[in-house]
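Me: I'd like to go through this one with you and check how each label is earned. Could you set the values beside the cut-offs for me?

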Amino acid sequence: MRVMIVGGDGYCGFATAMYLSKRGHEVAILDSLIRRHWDNELGIESLTPISSTGKRLQRWYELTGKRIPFYMGDACNYPFLVNAVREFGPDAIVHFGEQRAAPFSMIDREHAVLTQVNNVVGTLNLLYAIRDECPDCHLVKLGTMGEYGTPNIDIEEGYITVEYKGRKDTLPYPKQPGSFYHLSKVHDSHNIMFACRIWDLRATDLNQGVVYGVHTAETLEMEDEVLVNRLDYDETFGTVLNRFCIQAAVGHPLTVYGKGGQTRGFIDIRDTVRCIEIAVDNPAPKGKMQVFNQITEQFSVLQLAEKVVEAGKALGIRAEINHVDNPRIEAEEHYYNAAHTRLLDLGLQPHFLSESLLDSLLNVAIHYKDRVDPAHIKPVTTWSVGRISG
Ligand code: NAD
Ligand code: USQ
């Protein structure tokens, strides 16, 4: 298939581009490189030294003989976007191209607006480009489990059947997101569902949980540092398990926010790429937005910290857990039970979180630990007043 990957220079996107290209799909990347720019602005860097997009794609070609064209530009720029879509003619567009950090969206008004404009406008533009250039194209859109929040009932996959005053209907599952970033995903979901309904488009909303890990089969097989994926550890873009492994490697106490009972769905990056392949292979029927919950397991933050402490012992690392004041406004003890059977039914064989994965992630962290700037670990973005000085 011809698959265009919007946000294909990022953490999930680059891994997916290599994975799909290796499996014989014709892949193109569209990315504005804005994420590299935000890193520069915040003075942060990936733990792993990432090469320029051009160098990555050239090396991919040298190693595999497969070309991945690169459309460099902003999904919010409609003339650029529509031209790229027209020229490439995708069967599927995988959309990762958004501002994806909750803390970034809570820094101040400007960052909240930037996040929502970037994310909502980019997705809306894609919907128009598909309607006008390739109406049969399947939109595979990265949503988030955080759209649901932490309700006191089981979380279903996108929709819930409700009986009220003797009548029954299947409706979108109620949304209670926890940041302006997570809210942008809710707005996207509504826009996508509406566009599918009125224009007969097809879309899959992948409500992905927190991703961890860095290597995928392609980076392990090629053993080439030019292809290494990004791995964020800073307070803005670093996600919890990746952060804990890197903190352990540099001897920083693990930053459990508050009580640590916050429970989330998690997924290994090797499963992320497989889930995208499954979604691409199983397009939604025309007129429908199907929703898959893209997680394989759920853990509380404290459970994860304890697992990292255990895995560290085997490597001679004595990691400590530190309950820091929670910079976010979120439930620290709550019910959480999220359905996630649809991708399994379609053939996903999960990599569950194991000692060996933690061991390998800790080893990557140890290998690059001299690149860690400890000043970027402490949380400085609060939900109540925005960014406070370090
Ligand atoms: P990332 O920041 O590493 O990559 C996002 C990429 O999109 C970047 O390369 C950036 O330059 C590009 N981009 C952003 N806005 C753009 C625009 N307007 N036009 C063109 N390109 C643009 O993020 P990631 O971790 O790879 O996340 C990818 C997607 O998956 C996001 O939508 C995110 O919300 C979702 N997601 C991520 C996680 C996670 O744990 N990383 C979990 C669940 C969902
Ligand atoms: N947390 C800590 N300590 C830390 C970092 C985080 O205790 O050092 C806690 C947070 O308070 C939160 C939980 O860990 O309760 C998850 O935080 P996170 O930063 O790992 O993840 P989140 O902000 O939810 O965002 C990440 C991605 C986002 C994606 C989301 C999936 O950045 O793009 O949408 O995971 S989900 O969480 O399912 O919404």
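**Labels and the values behind them**

Me: Why is Arg-270 called partly exposed?
Reply: Its relative accessibility is 27%. Partly exposed covers what falls between under 20% and over 50%, so Arg-270 belongs in that class. Keep in mind that this is a predicted model.

Me: What makes Asp-268 and Arg-270 a salt bridge?
Reply: Their closest N and O atoms are 2.8 Å apart, and the cut-off is 4 Å, so the pair qualifies. Asp-268, at a relative accessible area of 1%, is buried because that value is under 20%.

Me: How do you know that Asp-136 and Lys-286 tie distant parts together?
Reply: The two side chains meet in a salt bridge with an N to O distance of 2.8 Å. Asp-136 sits in the loop between helix 6 and strand 5, while Lys-286 is in the loop between helix 10 and strand 12, so the bridge joins parts 150 residues apart in sequence. As for accessibility, Asp-136 has 52%, which is over 50% and therefore exposed; Lys-286, with 33%, is partly exposed.

Me: What makes Glu-333 and Lys-259 a salt bridge?
Reply: The N to O distance here is 3.6 Å, which still falls within 4 Å, so the label holds. This pair also links distant parts of the chain, 74 residues apart. Glu-333 is exposed at 59%, and Lys-259 is partly exposed at 47%.

Me: How many salt bridges does the rule give in total?
Reply: The count is 25. Arg-35, Asp-39, Arg-100, Arg-230 and Asp-232 are linked in a network of them.

Me: How do you know that Cys-12 is in no disulfide?
Reply: The rule gives zero disulfides. For Cys-12, the nearest cysteine sulfur belongs to Cys-275 and is 11 Å away, whereas a disulfide needs the sulfur atoms within 2.5 Å. Cys-12 is buried, because its 13% is under 20%.

Me: Which contacts of ligand 1 count as polar, by the distances for Lys-185, Ala-75 and Gly-10?
Reply: An oxygen of ligand 1 is 2.7 Å from a side-chain N or O atom of Lys-185, a nitrogen of ligand 1 is 2.9 Å from a polar backbone atom of Ala-75, and a backbone N or O atom of Gly-10 is 3.3 Å from a ligand oxygen. Each distance is within 3.5 Å, so each pair counts. Of the 820 Å² that ligand 1 exposes when taken alone, the protein buries 98%.

Terms used: Residues numbered from 1 in each chain as written. Chains lettered and ligands numbered in written order. Predicted model: local features only at pLDDT ≥ 70, side-chain atom pairs only at ≥ 80, totals over all residues. Heavy atoms only, no water. Polar contact = N/O pair within 3.5 Å; in protein donor to acceptor, adjacent residues only side chain to side chain. Areas by Shrake-Rupley, 256 points an atom, 1.4 Å probe, with all protein chains shown as cover. Buried < 20%, exposed > 50% of the residue type's maximum accessible area, 1.4 Å probe, protein only. Helix = DSSP H or I, 4+ residues; strand = E, 2+ residues; numbered from the N terminus.
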